[in-house]
Each structure stands twice: as C-alpha cells, then as structure tokens.
Amino acid sequence: MESRLLRAPVTALRFVGGARLVAGEGPNVVVYSLDADGREAGIHWQSVLRNHRIHGIKEQRSPSPEAEQRTLAVFGGKGLIVLELCVRGKEVSLFELCQLCELHDWIWDLQWLAGSTGTLTYVGLALGHNSVALYDYASHRTLQELHCEEKCILYSAYLIGDSWDELVVVAGTVFNQLVVWRVADGSNEEARIKPQRRVSGHDGVIFSICYLKSKGILASASDDRSIRVWDVGDLQAPRDPVRCLLVCYGHQSRVWSVRLLSDYLISIGEDSACIVWNYNGEVVQSFRGHKGRSVRAVAVHEAQGWVATGGADTGVRLWHIRGPESNGNGLVQLNFSPPHRNGSPKAVKLVDASRLLVMTDAGAIYSYDLASKGWALVMEDANYQAYSLLEVVQLANGIVLCAMGNLTGHVKVFSLCCSTESEEKRLYGGKVHSLSWAVCPGVDPSRRVLFVSGPGGVLLWLEVSCCSSGRVASVVEKCCYLLPVCRHRWHTSIAFLPQEGLLVCGDRRGSLLLFPCSTALESGTEQMLKAGQGDVADDPVGHGLVCKDSGDKPGLISSQGEGNCPMQGPISLLFGLHGKLGVTSVTCHDGFIYSTGRDGCYRQLRVQDQQLQVLRKQKPCKGLEWIEQLHFTPDGNLLVLGFHASYFVLWSTRTNEKLHCVPCGGGHRSWSYGRGLASEVFVYIKSGDILVYQSRCRPSRQHVLREPLHGREMTCVRHVGTIRTHGCWLVDILVTSSEDMTSNVIAVSESSHSLTPLAAIGDHISSVRTLAVASGSWQKETSDWSAVLFSAGGRAQIECYRLLLSCDHDARNGVTCQVIHVASHHLDEHWDHMRNKHRVIKMDPETRYMSISVVAGTDAPCLFLAAACSDGSVRIFLMLESAQKLLLVAHSFHHQRCVLKVETFTQRVAGDRRRHFLCSAATDGSIAFWDITATIEHAAAAQELESGELQPLALGAPSLTVQAHSCGVNSLHIRQTAAGRYLVASGSDDGSIHICLVAVDTALSEPSSSLPWDVVPPGASAGARILLLEAFSRPCAHAAHVTGLRVLRPDLLVSASVDQRLMLWRLGKDILVFLGSRFCHVADVAELDCWGSEERGYGCVLCGQGLEIVWCMARADTQQLPSCGAFE
C-alpha cells in the first residue's frame, strides 16, 4: 500500500534562503519556491518522517544566503531526520543525510551545535520531560543527556547557544511557569541541574517561547490567550529579577505560537488569526484568512516582510507586513461647506475614485475633487428638493451622465461637462421610485440606457445619446414593462444578457424577472397609461401584466401626448427569491447571472429556454446579512460588498478575509463605493455630513500558496468517478463534507498527485454528516458528465445537487465543475405542515441524519434515498428532479434508538424487474434487513407526487435482524457475490469486524392479512424473505472504532479505524486473514471510500482531520475504462 496524496494540518513552516518556504504536513516536507512578490513558482514534496508528524524544521547556518545546498533538521514526535535541500535553477530536490532517528522522548526543540573538533553533525535536543540531549546524527548516538531538577512534563521549550557548554534551556512547564537552566551549571546528587530562575505570570500552560538576543527579551504564548514579553537580558549571563514588559490580549482563543522581530512580534492562535503587534502592545495588522479554528504554524522572512502561516484547514498562506507609515487607509470627514451652500447632503455618488457628487435636499448638486479637495456647484433645481434621486454613469470616452428623478414624475438627464444643457421629461403622474443605468450590448458607446420605475410598477427603458461635445442630445423612450403586483413595486437593478436579447431585473420585493428586449414603443404614438388602475388581461405567465387605460388618475405620461400602449410583462419570474427586503444587484459574468440581496446570500442563475433557473445559493461569510454588490476582478477573485451590522465590509472569497471594514453606521443611508487603479474609495453620509474612506491599492497582501479544504473535521468522503481529460490524464473526482457546514468537490490528478478544489457548497445550516452519489451518465450533447449528489446532516436537512463535470484545457487539472441545486428537504418543515393538519407533533430540532444511501436500481428523474436518523427512524425519500422536490415516502421506528448506518442493494427477478432491499444498523449493534420493493413501486406510481401531498407509508417489520455487535455499528458495506448472494460487512465501536452472508428467498411470501394496508400498498408486490446463511466476526480487528469498511472483492476487504491503521484482509471460510496494514496520517478517521480496477489497482480515500489517498495494487477483476472524456 502506497500513500499517493495527503492533505493534513500544516504543523511546521520555515523560510530557507531568499525564496524557499519549507512546510511540514504530516510526515511530508513540502518546498514552495516563491517569486519576488511571494507567489508560488513551484512545489516539491517528499515523505521523510514515516509515522511521525513534523513539528519543527531547523536550518543549519549557511556561510552564504544564496548557497545551493542547505542542511535541514526535521523533527516531530520522537523522530528526527537530517536533509540536504539542493536548488539548481528551478529544480528542487531533497536528500536524506541520515536514517530516521527515533528517540525515547518527544522532541520540543532543536539547536545546531558546533562540536569540540569542529564537527557539524551535533544537535541539541530539548525533550518532553525537561531534559536536553546532545545527539550526533551521523553516528545515530546520544552522546550526553542532562535533566533539570524540575521534574515535570513540558508543553514547550527553546534552546539558546551555539555549543553544548553554552546551551541554555527555557522550558514551558505544566505548572504555567518558564524555567531557565544551563547545561554548564553543576548537577546535584541526583545528576539533575538546578534551574537558574523561574518566571511566573501566565494563568495557563505555555505553548511557545521565543528569544531575541539583540533586545534581550523573551516572549511566551499561553493557554490564557495572552502573549507576554519579558526583560531577561543575556540568558547566558543571567540577572535578576525578570520584568514583564508587555502583556498582549487580542486573540479570542488559545495562542499557539509567537515570533519576535526587530520592530514587531507576531502571534498565531486557535482563533485562526495571525496578529502583528508593535512593542507598545498595539495591533498593527490582523490576518484572518484561514478557515476553521486554528493556525498551527508560522514563519517570518523579516528582510522581505513576509509572514507565512499554515492552518488546520491544510492551507498555506503568505502575508505582507505593512508598517503604519505605508498604510494609506484613512477615514476623513469632509465638513460639507461649499461656497454658497444650499441645503444639507441627501445623496452621494462617486463618479470615479477621485470625484464625487453630492445632492442636497434643496435640489443642488455639488462636485468634490478628492485630490484638490475643492468644491464646485454643478447645478440647482428647486423642483428636485425634498425628494430626489441621483444616478451617475461614466461612458468609455470619459463623459459623465447624471440622471435625476423627483416626486412629480420628472426625470432630468445631463452630462457633468454641460450641466446647463439638460433633457427633462415628465414620465409619470406620481413620483419616480428608482433609476438605474445599464449597458446594452452592441449599442453605440456614446449611448446609454436608463431605466426608470414609477407608480403602479411601470418600468420605462430610455435611450440617452450624447453629442461629441458631451451634451445630452436626446432621451428616447424605447420600451415599457410592467412589474408584478406587490407592495414595493419598483426595480432596484437591471442587467442585459449578452447575445440573448433579454434583460434581467431585480425588484424591491426580492423577485428576479426576465424581460425581452424587443417590445419597442412605436415612433409618434401618443399614449396615456394609468398604471395599476387598468383592467387585467390574461397573459401566458399568469401574473396579469397587461393593463388598459383607466381614466385620468396619475400614471404614465408620454412626451408626445396621451393614448394607449401595451406593456410587456416578464416571460420568467422568480418571486421573492431574495426575501422581502429586495434584490440589491444583478450582474452577468462568464455566461451566468448573479444576484444579491439583503438576505445575506448571492445566487448564481442561468437562462434555459427563456426561463430563469437558480443554480446555486451562496453565503460568503457568517454575519454578512446584507450583500449589496459583487465585483469580479481580472485575476479571477470575487469581491463581495455588503454590511455587517453597522459596518461596511469588502470581503474576498478567494482569500476568505475582510479586505476593508468601515464603521459607517449601516447600509440604510446614502453611500457609494468606487475602485480605481490607485485606490479604493467608500463615501457615505452620516449625521448630516460626508465621510470618505480611502484605501491606497497595493499588491495583494495575501497569497494563497495552498488552498484549504475544510475549517473543521471532515465527516464523509465519496468517490464520484474518474475522468480522462483531453490530455488523456486520469483525474479522480471526490466530494468531501465537514462539520464546517460545507461540502467540497475536488479533483485529484493521478499523474501529478495534486488536489484541486472545483466547487464549494454551503447550503447547510448545521454540520454535513453524510454524502451519497447516484451513478451518473455521460451527456454527449453537452460533453458533460452528470451525477446527482445528496448531502445530509444536522437539523434534519437534506440537500440535492446535480454535478456537471467537463474537460477544460485552461482549468487546473483539466476539469471544471458546475453545481446545480435541485431540491432540499427539512424534516421540521414537513412536520410543521403535518401538524397543521392535526396528524403528528413537531419533530425534535436536534434530529440528525447519520447516513444516507441512494436506493440501488432506481434512476433519475425519480431517485429514492434511504436515510438513517438519530431519532431512531429509517426514512425513504423520493427525489423528483423535474418538480425540484424531495418527498418523504416511508419511515419506520423499528430500532427505537439512533440508527447509524444504512445501505441498499437490489436483486433482478423474472421479467427484468428488480427487488429493492434496505439494510440498517443501530447503536445496539443490530443490523436489520428490509424488502422495500412494495414501497418503491407504490411511491413511483402515486398520482399525487407532483403536488407534494404524498402520505408517508410505514415500512412495517424487517425481514431479518442480525445481532452482529455488542455496541454501535460505525461502518457497513454490502457486495453481491457471483452466486447471487450478498456479503454484508460491518465494523463496530469495539474494534470488531462482522461478516455475514445472506440470500433472498426466490419464493415470494404472501402478504399477511393482519398487516395494515399501508405496509403493503395496493397493487405492490409482496415482500421476500431474507435468509442468513453464514456469520462470523473478527474481534479486536482494530484497537479503536472501525469507522470505514469496504468489500473490494468477494475475497478481499479493507478497513480503517480511529487507531489510524488501514488494514487489508483476505475473506476465507469463516475467517478473516490479515494481509497487511499501513499507518495513515489522518487523525480521527471518520469515513473510507474505495474505487479501482485491475489496471490501476484500488484507491482508498480516508477523511477525518485531513484527507489521504492510499493506493493498493491488489489485483482486481477487469474493468475497462471508458473512452476519452467519460467516467468509469
């Protein structure tokens, strides 16, 4: 068995030379080559520490910083190895200078020492029980070991000195103290050295120590969430007393490590933060990009100003330290006081990153130059006082167009360079509710489209054209639309779909609408439409969106006169998609539509057959409940603008961090954001004045050297399939789930053994416990592989998605993935619906789905899903993709305790029919077998499925129950044998593996007349008996819970356990024969999945605190891979 890929928490980091970052990940050393800006330019990895996890990397002092060879000592646990890092051009290689050395105690720190004869093979080792050893790695000998008089376990240690006689040990003890002792001091009668001093002050154990000799200071990081800086002077010539110079509190959880620099100190903690402090105890920078709960490792390149961090999320990031003198961010109050000021600020709009416009409540518009800090009056119009709207757009030729709307239905359009020459129209008899500019594809650059909403939901399309001088030449009405009837009936944003002849609109009610661009107002037509007062005619969409003349009440007023004109309703409507607070923006990017709202989510949509289809719903980060805009950057990053409570937030989805956070008071005020080449500007009105936040744009302060997987422990992993890319490389597609409420679709390349995240799914409101994948199909018309993914977990929630995977030359690993949300089911919503009919009571909100399995032999569009639940039930669901519904069709509370696992299998019978069977296992160690054929057939034939009114059936009693274990069953797998029997393997909490062989009695039993009608539905087949043929178990197969089990062949089985062992077994007659095992570097293994073929061998993927793929080359039955581009 060979480990092909490992993604584990990064526990050690070290900069080597000028442009190399060496990371420790499990037993692997990973070398990142960096360019001048800190971006990754190459990567090399090698496994060196076998069964130990790397905790430290120390470089032997080199005479030249540009030397091609570097000597590194790598240690962790009780293991130590010395490597030579060779760099030749872009090639990086690692050579072992000695064999792996295993000591008798844990190694906390290592220091390179010079021998008495000038030898360079000596190292000093600080060990876990407050001792220090002199070790010669060349001869594999411990030359000397000394113990401190303080007998205790250490949580950290730091060695100082260049030779054995000068060595000073600073130990962080279990008693919350720092103990300082020297090797050169004499020992007592017990051969132990007395400490020189004890430093107290922390209220928790000490996890990290760092010493800066040039300043004579020592820093310690502790369990009490603090960093303390001590004045210790020269530790080799100690003085008393030791003073505490500084106490820093800033982390929200335990502090793991601290580093001292000449001007700053840097700390990392369990709160996933990396904080840069100055020596006054002030926070200079705070880096928060890692997912989850912990940053485990940190390294600093002081000359470059680089900080590298490695997290428990398996990611590696590089940050740039910025001093206060280089930080161009600032919040400035403008003190609005232009000459001859007329009114108070009411609306503010940025023209670009250097100019802004301010409209007052007196109808005046002022311009302010952020560079020269000068005010100028643009125009005044008393008709636009009290209530007025302002929207600004800049054309490609630099001309700035402004549009104003008022209470009487007037709209005025002018250019900023010719503000005295404007075009004004009265469009409505009531107030103008909203204005927005839009870019129409294929239109002359000197023209722009202005959309205006008025009373009764009337939406006008105006085309604005400009002269070469910049003056507005004309404002022409092109189209007229009508929005659906609702309380807040006006649009909030509009975008044209490129090459579609359609436009998508978001309204204040939270709906998305699709309109055609072909309904133009005829030239010279005189009209007068009284919006919202006319008769409603029939329309194909069914929203009553065609209105007729209704008299002289306020409505739509044309510039030509009065008359009748039909208004176009939407051809597609997603009503209330973003909730009642409205849609805030609509954007088209890369062939998809993106909408944002005040519901804290943004959605990805597409247009199919002139209908809007929601593909995904995304929540960028916790707490951002108001999303205003999305900005797609040229380098592929997605920036999210929104509000968190009273703060304006700019969030980066790539780096998972807040780029800006401005205390503006919230989004219910006039504000504007602009982004230029040199700066970013956020301007807003607060307490009657204008405040401007400016940030000088610099190169990104963060580079993601390795993308993270999950922020918490992984709970499940499933193999979707294997794709052969255009380059004929094999790429395995996996899906992982985690306690961080997300699922990830990832691609693993067989050639490079690299992992690439393809898509992240975050629709769950609690942890995702389990996954199931329905076998997919190759779609020749779209060249996509399509599969259905189910995810389930806490709060009794199930989500269903369709994965579309395709080959792409430009993508990493040559594969792209599109995720389409199909359906969802919340058990509490189902019980609420039933409770209203006085049939059942409300469910327990803590109910969780422990395991799910797609019922074998069922195909799309009607897929059946079996679920094991923590409330003691087994449930069966039906997924109707066309109706986008998940329906509960059957359940049983037979187990009366938490059901942990569920599996399904099928049997072919006469007439090409299939019988479906379900196997469930609970915490009492019992395994139940059910014939669910009748239930499946009844649900599939029910006429009321489309309406979602299916009454759940009762499964009745199981056909067979086997008491396989004495405690909970954590793993379960079924495989059919060549003889048509079924091999059932299970693993338990007690470390045992149970094997049983069952068969289906071909003589169908008759339904019992004593059973109620809903056990065997009318017209369904009767149940079949399941016979137990053989059963045996292997006690103590593992030293801990068996959490993963797969029958690879009828004679071959693989198992995984929390004891971090992956074991291979031969299935014999009433016996399991041990074939071999491998230590895995994934702690707390939660799940195992396998795939394979005779040519490739068997792939085994484990998940828990990390992810590892182990390849087993046991021969398998022949499985021919499909042709290029397809899956197996």
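This is a short talk on strands, cysteines, rings and backbone turns in one protein model.

Good morning. A word of caution comes first: the model is predicted.

Let's start with sheets. Strands of a sheet pair through backbone hydrogen bonds, and the pairing can be parallel or antiparallel. Our opening example is an open sheet of 4 strands. The order is β20-β21-β22-β23, and the pairing is antiparallel. Which strands stand at the edges? They are β20, residues 206–212, and β23, residues 243–249. Each has a single partner strand, so one side of each is left without a neighbour in the sheet. Neighbouring strands here are turned by 20° against each other on average, direction ignored.

Now look inside that sheet. Strand β22 covers residues 226–231. How many bridges join β22 to β23? There are 6, and the two strands run antiparallel. Find D231 on your screen. Opposite D231, in β23, stands R243.

A record also touches this region. UniProt, in an unreviewed entry, places the feature "repeat: WD" at residues 199–232. In the model, that stretch is 59% strand and 0% helix. Its end C-alpha atoms are 10 Å apart.

Next, another open sheet. Again 4 strands, this time in the order β32-β33-β34-β35. The pairing is antiparallel. At the edges we have β32, residues 345–350, and β35, residues 374–380. Each of these edge strands pairs on one side only. From one strand to the next, the twist averages 25°. Move inward to β33, residues 355–360, and β34, residues 364–369. These two run antiparallel, joined by 5 bridges. To see one bridge, pick V358: its partner in β34 is Y366.

Now a hairpin. Strand β52, residues 602–608, runs antiparallel to strand β53, residues 611–618. Between them are 7 bridges. One bridge sets R603 against K617 in β53. How many residues lie between the two strands of this hairpin? There are 2. One residue in the turn, D609, has a positive phi of about 55°.

That phi deserves a pause. Most residues other than glycine have a negative phi. So let's visit two more exceptions. R795 is not a glycine, yet its phi is positive, about 60°. Where is R795? It sits in the loop between β67, residues 784–793, and β68, residues 797–807. Its relative accessible area is 37%, so R795 is partly exposed. Q884 also has a positive phi, about 55°, and is not a glycine. Its loop runs between β72, residues 874–880, and β73, residues 885–892. Q884 is partly exposed too, because its relative accessible area is 43%.

On to the aromatic rings. The whole structure holds 26 aromatic pairs. Ring pairs link W626, F643, F648, W671, Y673, F682 and Y684 into a cluster. Keep Y673 and F682 in view. Y673 has F682 as its bridge partner in β59. The strands involved are β58, residues 671–675, and β59, residues 679–686. They run antiparallel, with 5 bridges. Is β58 enclosed or open? Of its 5 residues, 4 are buried, so β58 is largely enclosed by the rest of the structure.

One more ring, with a lysine this time. K215 lies over the face of Y279. From K215 to the ring centre is 5.2 Å.

Last topic: cysteines. A disulfide is a covalent bond between the sulfur atoms of two cysteines. How many disulfides does a search of the whole structure find? The count is 0. Take C919, which is in no disulfide. Its nearest cysteine sulfur belongs to C996, 7.3 Å away. A disulfide would need the two sulfurs within 2.5 Å. Is C919 buried or exposed? Its relative accessibility is 0%, so C919 is buried. C274 has a relative accessibility of 1%, so C274 is buried as well.

C996 leads to a final stop, A985. This alanine lies in strand β80, residues 982–988. At 0% relative accessibility, A985 counts as buried. In sequence, A985 and C996 are 11 residues apart. In space, their C-alpha atoms are 6.6 Å apart.

That's the tour. Thank you.

Definitions and conventions: Residues are numbered from 1 along each chain as its sequence is written. This is a predicted model: local features need pLDDT of at least 70, side-chain atom pairs count only at pLDDT 80 or more; totals for chains, interfaces and linings use all residues. Side-chain values use heavy atoms; hydrogens and water are left out. Buried means under 20% relative accessible area, exposed over 50%, partly exposed in between (1.4 Å probe, protein chains only). Two strands pair if DSSP finds at least two bridges between them. Axes are lines fitted to C-alpha atoms, for helices over the stretch in contact, and angles run from 0 to 180 degrees between N-to-C directions. UniProt positions are given in the numbering used here, feature names are shortened, and annotations may be inferred rather than shown by experiment. Rings of Phe, Tyr and Trp (its six-membered ring) pair if their centres lie within 6.5 Å; planes under 30 degrees apart count as stacked, over 60 as edge-to-face and the rest as tilted. A charge sits over a ring if NZ of Lys or CZ of Arg is within 6 Å of the ring centre and within 35 degrees of the ring normal.
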